[in-house]
Amino acid sequence: MLFPAALFVVSYGLIMTERLNRAVIVILAAGIAIALGFLTQAEAIDSIDFNTLALLIGTMIIVGITKKSGLFGYLAIRTAQALHASPAGILAGLSLVTAFISAFLPNATTVLFIVPVTFVIASELRVPVYPFLFAEIFASNIGGTATLIGDPPNMLIGSAAHLSFDDFLFALAPAVVLVFAVQTLLLHFLWGRSLRAEQSDRARIMAIRAKGAIADARLVPASLGVILGLIAALVFAGELGLEAGTIALLAAGLLMLLDHGPRPRGARTETVTGAFMEVDWVTIFFFIGLFVMVGAIAKAGVLGYLGRALLAATGGDVRVTALVMLWGGAIVSALLDNIPVVIALIPLIKGIAPAMGGDAAILPIWWSLALGACLGGNGTLIGSAANLTVAGIADRSGTPIGFWRFNAAGFPLMLVSIAVCHVYVLWRFF
Amino acid sequence: MSCADIMTRNPRSVREDHTIGEAASEIIACNYINLPVVDGDGRLVGLFGIYDLLALLVPRVAVIGNLLPNLRFLGDDESELHRKYVSLKDNPVRRAVNREAARVYTDTPLIEAIRLFCRNHMTIPVIERGSDRLVGMISYWDAARHIVDPPSGVKGS
C-alpha cells in the first residue's frame, strides 16, 4: 500500500510545483505503476473513465468550431448595447452571459469567447477592464457548476455516480442561481457602482455593428443547432439509452460534418485537423494518467483505508460528510488542482456508500463535492483552468491580473458562495 | 559574405527616452518600416516600427494570437484613432519598443539574415558582438540587390 501511495503523493507534489508539465508527470507515473506491478495494463485501462473523456473531447471540439463563428462575441456586444452601454450594467450583463454559456460549454473555453470582446468594450468605454475580467472568471466557474457538462469535476462525478444531466440541473441549478445573484450584488457594490463612462464613449458602443463580429455566418445556425441538440439529448439521455460521452461525440461529429462538408475539397483536411487540434490533449492525457494512478492506489487499498478514516472522523453521518466535502472541496480546489482531488475522492466516496446507507443516501455528498470543487475554483487565481485562461489573455494584453490582487477579493467572495451553498445543502437535502 | 558587408552604417535611430511622437514622425517622414531604438550608450534596445505604431491604436487583444477574428464591428472613427494617438504620443518609446526583434552581429553570415527576412519581413539591426552597440541596419532590398547584381569583385559577378 505504501509504494503506490508514495508514487501518487510524489506525483501530486511535482504537479503542484509546476516545474514540469502535469500530463508528462502523470503519464510517467501511470507507466511506472503498471511496470512495477501495482496494477496490470488491463486493470489500468479499466480504471480509465472513457465516458468522461468522450464528453470532454466532444465538447472541446464543439467549442473549437463554434469559436470560429464569432457568435459569442456578437452576443457580448448585443448584451452591452441592450444595457445602453452602462458600465455597471455591462458588468452584470456580461457575467450573466458568461455564466449561462459556461453551464453548457466547458467554462475554460467559454471565457475565450467573451474576454477578448470585453477588452474591446472596456477600451471603448475607457473604463478599467479588471472588474469585468474578475466578474467573468467568477461567472464562468459559477455557471459551470449548474450542469453535468459545465465543468470537468461534474463530468467526473456524473459519470462515476451515474447522475444525469437532469439530476445535476435539478439539484444544483437553484444553488447556482442563488450564488450568482449574491455574487453579482457584491461585485456591484465592490466595483459596479463606481464605474463611469462618458456619454460619447457609450454612444460609440451603441454605434458598434454587432453583426460585424460574426466571422462565419454559415457556422452560426450549425453551431447553435448542434449545441441545442446536445442539451436536448442530454436531458433525454435516459430515454435515449445513451451515455453523455456518446452524445457529446455524436454532436461533435455532426458539427464537424457541417463545418467541413461545404468547404472546398482542398480545405477539408485542414478544417478537420483544425477541429481535432482544438482538443486540449494535454488535459485529456492528464486525466488518463490520473485515472490509472488512482486505480493503482484503489487496488492497493489506500482509498479503502482513507474511506474508513473518513467514516470514523464523521461518524458515518451523511450530513457531516457532505459539509466536509463542500468546504474541504472548496478550499482544496482554490489552492490546488481540483481534478486529481475529485478523481481520488470518487472511488473513496463510492467505497463508503454501503456504510452510509447506499447510493441514494449519499447523493448529498456528491452534490456537495460538485459545489465545493467547482465554486472553490474562484478562491485564487490558480483555482481553475478558466482563471488561468483569463490571466493568460490579460498578461498578453498588457493588463496583468495580479495573483494577490485577485485572491484578496476572490477568496472571501468564494467563501461567501460556499456559505450560501452550506445553507442550500442543509435546506435542500436534509 | 557577412552582414557587415551589406549593411547601412550609422543608421538613424531614436533613444529609448524619446517620445513615441518623435519616433512616429521620423518613421513617417523617412518611410521607414522600422527604426532602431538605443539606450544612452548606443546599445540596441529593440525596434519601433510602423506596425508597432499602428498596433498602439487597436486593442492589444486584437493583435495577439487568434483571440479576435476581426474588428469589423467597430466601424470607422478616424477622430477616435487620432485621439488615441494624441493620448500616447508623449509616452517614451521604451514603452512600445519591440525588445524581441531579431538582430544580427557584424560577422553573421548573410544567409542567416535572409532566413530572418523570410520569417519576420522586416529590416534587421546589426550590432557589435560583445558591446551590443548598434552599428548598422540591413534590409531585404540590400540583400536582394547584392545577390541579383553583386558588386564587381564578388565571385560569379
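## A first look at chains A and B

The largest nonpolar core has 154 residues, and the ones with the most contacts inside it are Ile62(A), Met293(A) and Val342(A). Helix 7 of chain A gives the most to this core, with 12 residues. Keep in mind that what you're looking at is a predicted model.

Let's stay with Val342(A) for a moment. Setting aside its neighbours within four places in sequence, Val342(A) is in contact with Pro153(A), Leu156(A), Ile157(A), Leu369(A) and Ala373(A). There is also a second, separate core of 31 residues, which includes Leu44(B), Val97(B), Ala113(B) and Ile138(B). As background, nonpolar side chains tend to be buried together in soluble globular proteins.

Now for chain A as a whole. The secondary structure here comes to 22 helices and 0 strands. The C-alpha atoms of chain A fill a box of roughly 65 × 55 × 45 Å along the principal axes. A compact globule of 430 residues would have a radius of gyration near 22 Å, and chain A agrees, because its own value is 22 Å. Buried residues make up 52% of the 430 residues in chain A. Take the contacts in chain A between residues at least 6 apart in sequence: 82% of them join residues at least 24 apart.

For a close-up, try Leu249(A), which is found in helix 14 (residues 244-260) of chain A. Is Leu249(A) buried or partly exposed? Leu249(A) has 18 C-beta neighbours inside 10 Å, and a residue needs 20 or more to be buried, so Leu249(A) counts as partly exposed. Not counting residues up to four places away in sequence, Leu249(A) touches Ala54(A), Ile57(A) and Gly58(A). Arg263(A) is 14 residues from Leu249(A) in sequence, and the two are 22 Å apart in space, C-alpha to C-alpha.

Next, the place where the two chains meet. The contact takes 18 residues from chain A and 13 residues from chain B. On the chain A side, helix 7 (107-125) and helix 21 (385-396) each supply at least two residues. Helix 7 of chain A gives the most to that side, with 4 residues. So helix 7 of chain A turns up twice: it gives the most to the core described above and the most to the side of chain A that touches chain B. The residues on this side of chain A divide into 10 nonpolar, 5 polar and 3 charged.

Chain B brings in the sheets. In general, strands of a sheet pair through backbone hydrogen bonds, either parallel or antiparallel. One open sheet of chain B has 4 strands in the order 1-7-6-5, with mixed pairing. Its edge strands are strand 1 (8-9) and strand 5 (104-105), each pairing on one side only. An open sheet of 3 strands in chain B has the order 2-3-4, again with mixed pairing. Strand 2 (14-15) and strand 4 (44-49) of chain B stand at its edges with a single partner strand each, so one side of each has no neighbour in the sheet.

Here are two of the strand pairs in chain B:

| Strand pair | Sense | Bridges |
|---|---|---|
| Strand 1 and strand 7 (residues 134-138) of chain B | antiparallel | 2 bridges |
| Strand 2 and strand 3 (residues 34-38) of chain B | parallel | 2 bridges |

You can pick out a residue pair in each. Arg9(B) stands opposite Gly136(B) in strand 7 of chain B. Val14(B) has Val37(B), in strand 3 of chain B, as its bridge partner.

Note on methods
Residues numbered from 1 in each chain as written. Chains lettered and ligands numbered in written order. Predicted model: local features only at pLDDT ≥ 70, side-chain atom pairs only at ≥ 80, totals over all residues. Buried ≥ 20, exposed ≤ 12 C-beta atoms within 10 Å, placed from the backbone. Contact = placed C-beta atoms within 7 Å. Rg over C-alpha atoms; globule rule 2.2 N^0.38 Å. Nonpolar A, V, L, I, M, F, W, Y, C, P; charged D, E, K, R; others polar. Pairing = 2+ DSSP bridges. Core = buried A, V, L, I, M, F, W, Y, C linked by C-beta atoms within 7 Å.
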